[in-house]
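Visitor: Hello! I am new here and would love a tour with plenty of questions.
Guide: Welcome, let us take a look together.

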Amino acid sequence: MARTLFSDAVVHRPLSGEPPLAPGWIMVDGERVLAVGAGDAPAADETVDLAGAEVWPGLVNAHTHLYSALAGRLPWPAARPTGLPRILEEIWWRLDRALDARSIRISARLGLVEALRHGTTTVIDHHSSPLATPSSLDLIAREAAALGVKVGLAFEVSDRNGELPFQLGLDENLRALFAYAAHPSLRALCGLHASFTLSEDSLERIADLVPFETPFHLHCAEAEEDLAHARSLGYESVVDRLAAQGILRPGTLLAHCVHLGPGDAELIAETGAYAVHCPQSNAHNRVGTADVMAMLGAGVRVGLGTDGFASGMLTEARFARDLGAERGTLLPRQASELLLAGGAAIASSVFGRPLGRLEAGEDADFIVLAPGEGGLGPHRRIRRVVSRGRTVCLDGELPGVDLAALHAEADAGAARLWECIQAL
Ligand SMILES: [Zn+2]
C-alpha cells in the first residue's frame with residue numbers, strides 16, 4: 001500500500017480531548033490512518049503539503065433522503081401545504097411514487113456529490129421508491145461506491161401503498177442487509193417509514209422476519225400525529241410502541257424525536273438506540289422543537305441529520321446551535337457535540353468499527369479547511385475532502401465528475417420526474 005503523508009496541518013481531533021496538533025501530520029496507508037502526530041513526520045511515498053490548513057474528521061449526515069435531491073428543481077405550486085400529514089401526502093409521497101431507476105440514480109449522484117462538496121464523508125440514507133423497489137438500494141450503493149462516500153442504506157417500509165409494496169420494501173431491506181454485510185463502505189439497516197404508517201400486524205411481521213441484531217432506521221415522533229396514533233392504539237408514546245414491538249434496539253436510529261412522552265428519553269438511552277436531530281427540517285415543517293438537551297441529559301446519544309435539506313452539516317449544526325439557544329433546547333457547545341461525537345458514534349455503530357475520530361487504524365476520512373477563524377462554522381471554505389484515503393473533492397471539484405453535465409442531467413431528470421408526478 002502506498003503511504004501518503006498529509007503534512008503541515010493543524011490537526012483537530014475533538015473527540016480525543018487533546019488540543020489540536022500544530023504543526024501536525026497524518027500518515028495514510030491505503031484507506032486507513034496509519035499514524036497522526038506533531039513535529040517530525042516519518043518518510044512517505046507521497047507528501048501532500050497542507051500549508052498550515054486545518055484538518056477535521058469527515059462529517060456524518062445521520063439522517064437524510066437522497067431520493068429528494070431533485071425536489072428543489074420541481075415546479076411545486078407556490079402555496080405550500082401546512083401540517084406534516086399534508087406535506088407528506090402532497091409533496092413527498094407523490095414524489096417517491098414517481099421515482100424510477102433513472103431518477104433514483106440521478107438523485108443519489110446529485111445528493112452525494114453535494115454531500116462531499118460540503119465535507120460529508122458518511123451519509124445515512126433513508127430511501128423510498130414504492131413503485132420501483134427491488135434493487136433500488138443497489139442503485140444508490142453503486143453511486144456511493146463510485147464517488148467514494150460511505151453510505152448507510154435503508155428502504156422505508158410502510159403500509160401506505162398496500163400489501164405488495166410493504167412486502168417488497170421489507171424484502172429489499174433484507175436483501176441489502178446480507179448483500180452489504182461485509183462491504184467496506186456500504187452497510188444496510190432495516191428502514192421503516194414511521195410508526196403511524198405501520199399497523200400492529202405489520203410491526204409484528206417485521207420483528208419476526210428481521211434478524212434479531214439488525215438495527216432499524218425510522219422517523220420517530222416527528223409530528224404530533226405520530227404520538228396521537230400510538231396513543232390511539234393504547235400505547236403511552238411512539239417510543240413505548242417501538243419498544244413493545246421490538247423495534248427499539250441497540251443501534252436503531254430514531255430521526256426527529258420531537259414528541260416524546262415521559263420516560264422515553266431514558267428508555268432510548270437504556271436500549272442503546274440513537275436519536276437524530278433534524279432542526280432545519282423540523283422548523284421548516286413546523287412540527288415543533290426537539291428537546292435535545294433533555295435527551296442528552298438522559299444519556300441518549302444524539303446525531304445530526306439534514307433530512308434532505310441540501311445545505312450541508314456545518315449549516316445544520318449552526319442552525320441547531322442558534323435554534324437551541326433561542327428555544328432553550330440545546331447549549332451552544334452541544335451543537336458541535338451532536339455534529340462530531342454524535343456523528344462518529346452513529347457512523348461507528350452503522351459500520352461496526354470505530355470511525356470519525358481520526359485515530360490510527362480508522363478509515364482516513366477527513367476534511368481540510370482553508371485557514372480562518374471561528375471553528376467549524378458554515379462560513380469555512382472546505383478545500384479538500386479525503387474519504388478512505390482518497391481525495392474525493394478538491395476546491396469544490398470532484399475527480400471524474402463533470403459538475404456542469406451533472407446539473408444538466410439533474411435538470412432533465414427533474415423535468416421527467418415532474419411529468420411522472422403529474423401523470424400518477
Ligand atoms: Zn426523514
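Visitor: Is Trp418 buried or partly exposed, and how do you know?
Guide: This is a predicted model, and in it Trp418 has a relative accessibility of 16%. Buried means under 20%, so Trp418 counts as buried.

Visitor: Why is Trp76 called partly exposed?
Guide: Its relative accessibility is 21%. The partly exposed class runs between 20% and 50%, so Trp76 belongs there.

Visitor: How many aromatic pairs are there in the whole structure?
Guide: A search finds two. One of them joins Phe6 and Phe366, with ring centres 5.1 Å apart and planes at 85 degrees.

Visitor: What makes the pair of Phe6 and Phe366 edge-to-face?
Guide: Ring centres within 6.5 Å make a pair, and planes over 60 degrees apart count as edge-to-face. With 5.1 Å and 85 degrees, Phe6 and Phe366 are therefore an edge-to-face pair. Phe6 sits in strand β1 and Phe366 in strand β15, 360 residues apart. Both Phe6 and Phe366 are buried.

Visitor: Why are Trp76 and Trp418 called edge-to-face?
Guide: Their ring centres are 5.2 Å apart and their planes stand at 90 degrees. That angle is over 60, so the name edge-to-face applies to Trp76 and Trp418.

Visitor: What parts of the chain does the pair of Trp76 and Trp418 tie together?
Guide: Trp76 is in the loop between β6 and α1, while Trp418 is in helix α13, so the pair ties together parts 342 residues apart in sequence.

Visitor: Let us turn to the metal. Which residues are the protein donors of the zinc ion?
Guide: His63, His65 and His219 each give NE2, and Asp307 gives OD, at 2.0 to 2.1 Å from the zinc ion. Along the chain, the donors have the spacing H-x1-H-x153-H-x87-D.

Visitor: Why is the arrangement around the zinc ion called irregular?
Guide: The angles between the four donor atoms run from 90 to 162 degrees. A tetrahedral site needs all angles between 85 and 135 degrees, and 162 falls outside that range, so tetrahedral is ruled out. The arrangement counts as irregular because of these angles.

Visitor: How do you know whether His65 and Asp307 are buried or exposed?
Guide: His65 has a relative accessibility of 7%, and Asp307 has a relative accessible area of 12%. Buried means under 20%, so His65 is buried, and so is Asp307.

Visitor: Where is the largest pocket's centre, in terms of residues?
Guide: Ser68, Trp92, Asp307, Gly308 and Phe309 lie nearest its centre, among 45 lining residues. The space in the largest pocket is about 900 Å³. Helix α1 gives the largest share of that lining, seven residues. By class, the lining of the largest pocket has 19 nonpolar, 18 polar and eight charged residues.

Visitor: What about cavities: how many of 30 Å³ or more does the structure hold?
Guide: There are four. The largest cavity has a volume of about 60 Å³. Its lining has seven nonpolar, three polar and no charged residues, and α12 supplies the largest share, four residues.

Visitor: Which residues line the second largest cavity?
Guide: Its lining includes Ser128, Phe155, Glu156 and Arg160. About 50 Å³ of space lies in the second largest cavity, and two residues of its lining are charged.

How values were computed
Residues are numbered from 1 along each chain as its sequence is written. This is a predicted model: local features need pLDDT of at least 70, side-chain atom pairs count only at pLDDT 80 or more; totals for chains, interfaces and linings use all residues. Side-chain values use heavy atoms; hydrogens and water are left out. Donors are N, O and S atoms within 2.8 Å of the metal (3.2 Å for Na, K and Ca); water is not among the atoms, so sites may look incomplete. Four donors count as tetrahedral if all angles lie between 85 and 135 degrees; four count as square planar and six as octahedral if opposite donors are over 155 degrees apart and all others between 65 and 115; anything else is irregular. Buried means under 20% relative accessible area, exposed over 50%, partly exposed in between (1.4 Å probe, protein chains only). On a 1 Å grid over the protein atoms alone, a cavity is a set of points where a 1.4 Å probe fits but cannot get out, and a pocket is an open set with protein on both sides within 12 Å along at least five of seven lines; lining residues have an atom within 4 Å of a point. Grid points are joined across faces, edges and corners, and a volume is the space filled by probe spheres set on the points. Helices (H or I, at least four residues) and strands (E, at least two) are DSSP runs, numbered from the N terminus. Ala, Val, Leu, Ile, Met, Phe, Trp, Tyr, Cys and Pro count as nonpolar, Asp, Glu, Lys and Arg as charged, and the others, Gly among them, as polar. Rings of Phe, Tyr and Trp (its six-membered ring) pair if their centres lie within 6.5 Å; planes under 30 degrees apart count as stacked, over 60 as edge-to-face and the rest as tilted.
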